[in-house]
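Colleague: I have a sequence and a model open, and I would like to go through the helices and their packing. Shall we take it step by step?

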Amino acid sequence: MTDSSSDSGKGTDPSYVQRWKEQTTGFDRVRSVAFALQEPRTAGWIADEAYVSEPTTRNHLSRLVDLGILVTDDTSNGRTYYPDPIYSRLTALRELVNENSAAELAEQAVAIQRDIEAWKHEYEVDDPSGLRATVAGEELAAEEARTRLQQADDWGSAKYHLSLLRDAIDHYDTYTARPSASA
């Protein structure tokens with residue numbers, strides 16, 4: 001089923017967009033774009049990216065907010081939308097627990113902890129913000145500065161993923177428990 005409001009521009013869109021529109025509903029595209037946001041965006045921006053009319057996008061976004069998937073913020077530029085951090089974290093936790101055993105989660109945590117220890121040792125700092133500070137505090141070639149900033153971003157992502165793994169490991173039995181069926 002396709003969203004009839006999303007057919008505007010059909011024939012002028014690139015072929016990958018036409019396939020995307022044929023294989024998904026407007027709601028699916030709005031949800032996909034909104035859930036991948038790295039920063040808050042307006043309904044108009046999301047509508048353009050999802051190839052859905054702005055009024056229909058606003059309706060879909062309102063539904064996603066009601067479902068607790070997105071949060072809003074009213075700014076001077078209008079209402080913006082962003083993935084709800086709690087929903088995002090719980091979704092990531094569910095994926096980890098569904099796709100890994102407790103032992104596999106522990107192995108992943110050890111590997112990430114090793115990466116973090118290597119960054120601490122290599123740059124002689126305790127965290128990603130300390131690594132970013134070295135870019136401003138030292139005379140570095142542009143390439144080295146970019147590398148350090150990328151490493152700082154990777155370190156930040158690793159810390160977040162490690163926190164998810166620790167949560168999943170600490171509560172694995174609770175997250176995987178199923179109630180017994182009554183006779």
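Colleague: How far apart are the end C-alpha atoms of α5?

Modeller: Bear in mind that this is a predicted model. Helix α5 has 15 residues, and at 1.5 Å a residue these should span 21 Å. The model agrees with that expectation, because the end C-alpha atoms of α5 are 21 Å apart.

Colleague: Which residues of α5 are buried, and what covers them?

Modeller: The buried residues of α5 are Thr91, Leu93, Leu96 and Val97. Their cover includes α6, α8 and α9.

Colleague: What span should helix α8 have at 1.5 Å a residue?

Modeller: Helix α8 covers residues 142–170, which is 29 residues. Its end C-alpha atoms are 42 Å apart, and this agrees with the expected span of 42 Å.

Colleague: Which helices are included in what covers the buried residues of α8?

Modeller: The buried residues of α8 include Ala145, Arg148, Trp155, Leu162, Leu165 and Asp167. Their cover includes α5 (85–99), α6 (102–123), α7 (128–137) and α9 (172–176).

Colleague: Which helix gives the most to the largest nonpolar core?

Modeller: That core has 19 residues, and those with the most contacts inside it are Leu105, Ile112, Ile116, Trp119, Leu131, Trp155 and Leu165. Helices α5, α6 and α8 each supply at least two residues of the core. The most, 7 residues, comes from α8.

Colleague: What does Leu165 touch, leaving aside its neighbours within four places in sequence?

Modeller: Leu165 is among the residues with the most contacts inside the largest core. Beyond its sequence neighbours, its contacts are Leu96, Leu105, Gln108, Ala109 and Ile112.

Colleague: How many residues are in the second, separate core?

Modeller: This second core includes Ala34, Ala43, Leu64 and Ile69. Its residues number 14.

Colleague: At what angle do α3 and α4 pack, and is that roughly parallel or roughly perpendicular?

Modeller: The axes of α3 (residues 43–50) and α4 (residues 54–66) are 9 Å apart, and the angle is about 105 degrees. Angles of 65 to 115 degrees count as roughly perpendicular. Therefore α3 is, relative to α4, roughly perpendicular.

Colleague: How do the residues of the contact of α3 with α4 divide by character?

Modeller: From α3, the residues are Ala43, Gly44, Ile46 and Ala47; from α4, they are Glu54, Thr57, Arg58 and Leu61. They divide into 4 nonpolar, 2 polar and 2 charged.

Colleague: Is Thr57 buried or exposed?

Modeller: Thr57 is in helix α4. Not counting residues up to four places away in sequence, Thr57 touches Val30, Ala43, Ile46, Ala47 and Val52. The cut-off for burial is under 20% relative accessible area. At 0%, Thr57 is therefore buried.

Colleague: What is the phi of Tyr51?

Modeller: Most residues other than glycine have a negative phi. Tyr51 lies in the loop between α3 and α4, and its relative accessible area is 27%, so it is partly exposed. Although Tyr51 is not a glycine, its phi is positive, at about 60 degrees.

Colleague: Where is Glu124, and is it buried or exposed?

Modeller: Glu124 also has a positive phi, near 55 degrees, in a residue other than glycine. Its place is in the loop between α6 and α7. With a relative accessible area of 72%, Glu124 is exposed.

Note on methods: Residues are numbered from 1 along each chain as its sequence is written. This is a predicted model: local features need pLDDT of at least 70, side-chain atom pairs count only at pLDDT 80 or more; totals for chains, interfaces and linings use all residues. Side-chain values use heavy atoms; hydrogens and water are left out. Axes are lines fitted to C-alpha atoms, for helices over the stretch in contact, and angles run from 0 to 180 degrees between N-to-C directions. Helices (H or I, at least four residues) and strands (E, at least two) are DSSP runs, numbered from the N terminus. Angles under 35 degrees count as roughly parallel, over 145 as roughly antiparallel, 65 to 115 as roughly perpendicular and the rest as oblique. Contact means heavy atoms within 4.5 Å. Ala, Val, Leu, Ile, Met, Phe, Trp, Tyr, Cys and Pro count as nonpolar, Asp, Glu, Lys and Arg as charged, and the others, Gly among them, as polar. The expected span of a helix is 1.5 Å times one less than its number of residues. Buried means under 20% relative accessible area, exposed over 50%, partly exposed in between (1.4 Å probe, protein chains only). A nonpolar core is a set of buried Ala, Val, Leu, Ile, Met, Phe, Trp, Tyr and Cys residues joined through side-chain atoms within 4.5 Å.
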